[in-house]
Amino acid sequence: MDSGTAPNIHNVVRDSTIGTLVQVGVLNGPLAVRFEVTARPGPEPLERAEHELARSVFRRWRAEANAWQLSSTEPLAVRWAANWLDADHPYKVGGEVSGRGDRVGTMAEAYLALRQRRLVLLGGPGAGKTTLAVLLTLDLLARRLGGGDRGPVPVPLSLETWNAGEEHLRAWMARRIAEDHPGLPGVAGRHPAGRLVGDRRVLPVLDGLDELPEHRRRDVLLALNRELGDGDPVILTSRTGEYRLAVRQAAPLRSAAVVEALPVEPEDAIAYLRAATPPALVHRWEPVFEELREVPPEPVRTALSSPLMLWLARRVYALPYGPHAPDPAELADTGRFPTPEAVENHLLDHIVPAVFAPHPHAPDRLHAPGQWHPERARRWLASLARRLTAAGGARLEWWRLDRTGPARLLTLPMLLGLGVVLSLVPLTVIEEYASAPGEYGQGYASALGLRTALSVSLLYAVLLRACALVWFGERIGDPRRRANPFRLGAALRSARRATSVRRAVGASSMVVVPTAVLLLMAAGTHVPGGYLALALLGFTLPAVATVVLAAPSDTVDAPSPDGLMRGERRSVLLTVVIVAPLMGLGQGSMVWLGSLGGNAWTHAFLGWYGTSAMFVLLSPWARWVLAKTSLAVLGQVPWSLMEFLRDAHRGGLLRLEGGAYRFRNPRLQRHLAGVPDHAAPGPVRPEPGRPVGASRPPGPPRELPPVSRVRGFDVHHGPGGFVLRGRSRRLVLGHWPVIGCFALARAVMTAVGGQWGQATAWMPVLFLLGFGALITLAGLLLPRLWMELRLTPETIESAVGRHHCLHRWPDVERVAIRRIHRRGRDTRLYGIHVRLFPGAPRPPRFFHGRDGWYSVLPVHVTSAVPPDLAAALARFAGPRWDGGAGEATVPPPSPGPSRGTPSGTP
């Protein structure tokens, strides 16, 4: 273009992605170039957080699907069909969701076509409910990340971590997302989990309803129906029998399509097994294939009708050659396996040897997969399964290994013994400097100064640990991926998000008070430099560094057990190379700047050494090492436990859930633990005293006698009411956790300080334990506390000492046994609690508890309930009563009065 001949013509380029623009032509006159840059609006912060959450969940569960071999080219065809449970239930929805497990795209399309997008996946044991939920999640995420359906982000969540009676659904979802994905981009300076959940941008995929105790399953359905609004999506998995029972006790999930896994068809099972077998060895399966085609079905056909058993058979008989290769034809032997249960138990017994079968040793691994001895591997897995089952859980968390019985007994002596060994180094240094003459006047005074430096460093380390405990609350005992301390701004923001104003003020006071004391001491001496340096370098800066190092990481992805372990080890290492040197410099500065006698470098070394020893010994990593060592000595776990768990996960025996492992299937965990599987398909028959689907051992936590037989209590009951009166001892237990922590820290200080042989050095430990015992004894010696409980068809009324409360039953939403908290303090006692409807009158402050619950009457130090009290609560509270240990059988009113009851109705 010639701008001289056409002055009014311009080249205009708008909304272009041009990086370089070249114009060719004759330019006459001045040239004016104007760039107008219009910034494209980027995604909103909440949208960025939503996208990052989707990417993180997709990466996490895609890796898990690969570990489960779900992405193989020969997937198992599992057919799913609509099942309304009851043809006339009032929440039946239109539209049918059905399909096949190897064609999950069809299931996803049917799910997206639902109006409410609520789906319940049912099936028998090992039917593939969790597998289908994971595949459906991945398909929905792939569509979303690929630019397709922009619905909410599906996030798999285990119902084991939700107590529906105490925590709102949205609060629980936000808490879990914030814990597993702490590094999501912030919104308005805060973690976006609450906004994402509140704006319906999260689709909860709830797994494991059948693994909960009976009363918690009922609570989950009631909470979902109460807290899910119109348009809120959800996916729920459960065994059919447990869901039927929960529906009878509560209600079905409203507006939800229900599908159930059908038994695997014989031809699908044959195709699945044939695809995994070399062509030259298919003939070994022919006897099994014939039995699968038999009508009526043989035991092996019934057993292999579930995906779990087919996967077990495929893994057990995967070894094709060699003298130890098992022959699958043995499954067709009806004399050896007369029932389907016999076939299933045989496969469960042989899955561990099949997973850990010998393979060539990988040169870059200490223990290559398959190099673990099969018998020992089964013994180790059985030990872990028994511990999980006895604890009533399913999550294998390595940082809680020290809470097992043998570890509790052996860890403390090993910890003190290790402290004694570590004390040999400072004792050697102190003795050497104390006995060597020199210009610094070593001798008794020098030895006393060195011992003081060591003691001060140990004491300061305990104070800094307590400061971090107050700042982060109970989370300090759990390992987290630590923030990068070299990104100070991000680490400080992470530390700020992980605390509250109250905890931050309390932690800051633990630093301000000692610092103020040191500053006052500096003002009263002629050499203030030493005290100022000790206050700044020896305490204030180490406190800030400790909080920064203990802050959770800003990594978006969910944690893994190995990631938590690496983060904890890195935190311990950074403490030794950053916090401890600052403490050492503070100790040395007292000598350098304070004109004190002694060697400054020696004081600095002892300050660093004492701080390092205390931080290392009190860290979760040290407790893990000591607990693992004690259990390995007893032969209950391998020495390389984390590597063993990784190999078990690769072999399909374990699966990941956040930062913990759990067995891939509850049936496998119960089998290894020696607990029979009571949740078979069909009608559910609960064991007496054991809730259906509960993972804890049968029976209540502790059997209590009826209240009427307890000395000092009288019980009056009749058609018109139930009255309990008596006096109880004031047993105080809430102080013991704090006293125990300080006593342990003081014992470690005594051991590391080399004073284990001095009786006077153990006096502080004995004083702390005696102080705790004195508080408990005082509670026992004080006059007994008057207590009264009155239950009528209209009210629940109680009196504890001079405090009194009364609630009308229409105001009460639920009644349960919970831990009693008074003014935010855990009393370590259990008692009757009520949760009130909004707008109901609140009781006096004395009865206020936590999470919207109000205490009524203390009961015991365990969660068990005397049978006559439980029967009365079930009778008068009706469906509001949560028995905790299962459904209470309510006896008819006694025709006569109980012991101590006057004749007549109260």
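**Strands β15 and β16.** I began with the pairing of strand β15 and strand β16 (residues 825–836) in this predicted model, and I found the two running antiparallel and joined by 9 bridges. For one point of register I looked up Ala-816, which stands opposite His-833 in β16. I then checked how covered strand β15 (residues 812–822) is, and noted that 10 of its 11 residues are buried.

**The open sheet.** Next I traced an open sheet of 5 strands, whose order is β10-β11-β12-β13-β14 with antiparallel pairing. At its edges I found β10 (713–718) and β14 (803–808), each of which has a single partner strand, so one side of each is left without a neighbour in the sheet. I noted an average twist of 5° from one strand to the next.

Within this sheet I looked at strand β12 (residues 785–791) and strand β13 (residues 795–800), which run antiparallel and are joined by 5 bridges; Leu-789 stands opposite Ser-798 in β13. I also asked myself which helix lies across β10, β11 and β12. I found helix α26 (residues 867–877) there, running at about 140° to β11 (721–728).

**Aromatic pairs.** I counted 14 aromatic pairs in the model. I took the pair of Trp-372 and Phe-644 for a closer look: the ring centres lie 5.4 Å apart and the planes meet at 80°, so I recorded the pair as edge-to-face, since planes over 60 degrees apart count as such. This pair links distant parts of the chain, with Trp-372 in the loop between α12 (340–355) and α13 (374–390) and Phe-644 in helix α22 (residues 641–650), 272 residues apart. Are these two rings buried or exposed? I found Trp-372 buried at a relative accessible area of 6%, and Phe-644 likewise buried, at 0%.

I then turned to Phe-605 and Trp-608, whose aromatic pair is tilted, with 6.0 Å centre to centre and 40° between the planes. Both residues lie in helix α20 (residues 600–617), where they are 3 residues apart, about one turn of the helix. I noted Phe-605 as partly exposed at 32% relative accessibility, and Trp-608 as partly exposed at 30%.

Following the ring pairs from Trp-372, I arrived at a cluster that links Phe-356, Trp-372, Trp-380 and Phe-644.

**Charges over rings.** I looked up two arginines that sit over tryptophan rings. Arg-60 lies over the face of Trp-61, at 4.5 Å from the ring centre, while the charged end of Arg-664 sits over the ring of Trp-311, 4.4 Å from its centre.

**Nonpolar cores.** I recalled that in soluble globular proteins nonpolar side chains tend to be buried together. Which residues touch the most other members of the largest nonpolar core? Among the 84 residues of this core, I found that these are Leu-304, Leu-347, Ile-351, Phe-356, Phe-644, Leu-645 and Leu-653. Phe-356 and Phe-644 I had already met in the ring cluster.

For Ile-351 I listed the contacts, leaving aside neighbours within four places in sequence, and obtained Trp-311, Leu-312, Arg-315, Val-316, Leu-653 and Leu-668. Trp-311 in this list is the residue whose ring lies under the charged end of Arg-664. I closed the entry with a second, separate core of 47 residues, which includes Leu-53, Val-57, Ala-223 and Tyr-243.

How values were computed: Residues numbered from 1 in each chain as written. Predicted model: local features only at pLDDT ≥ 70, side-chain atom pairs only at ≥ 80, totals over all residues. Heavy atoms only, no water. Phe/Tyr/Trp six-rings, centres within 6.5 Å; stacked < 30°, edge-to-face > 60°. Helix = DSSP H or I, 4+ residues; strand = E, 2+ residues; numbered from the N terminus. Buried < 20%, exposed > 50% of the residue type's maximum accessible area, 1.4 Å probe, protein only. Lys NZ or Arg CZ within 6 Å of the ring centre and 35° of its normal. Core = buried A, V, L, I, M, F, W, Y, C linked by side-chain atoms within 4.5 Å. Contact = heavy atoms within 4.5 Å. Pairing = 2+ DSSP bridges. Axes fitted to C-alpha atoms, helices over the stretch in contact; angles between N-to-C directions.
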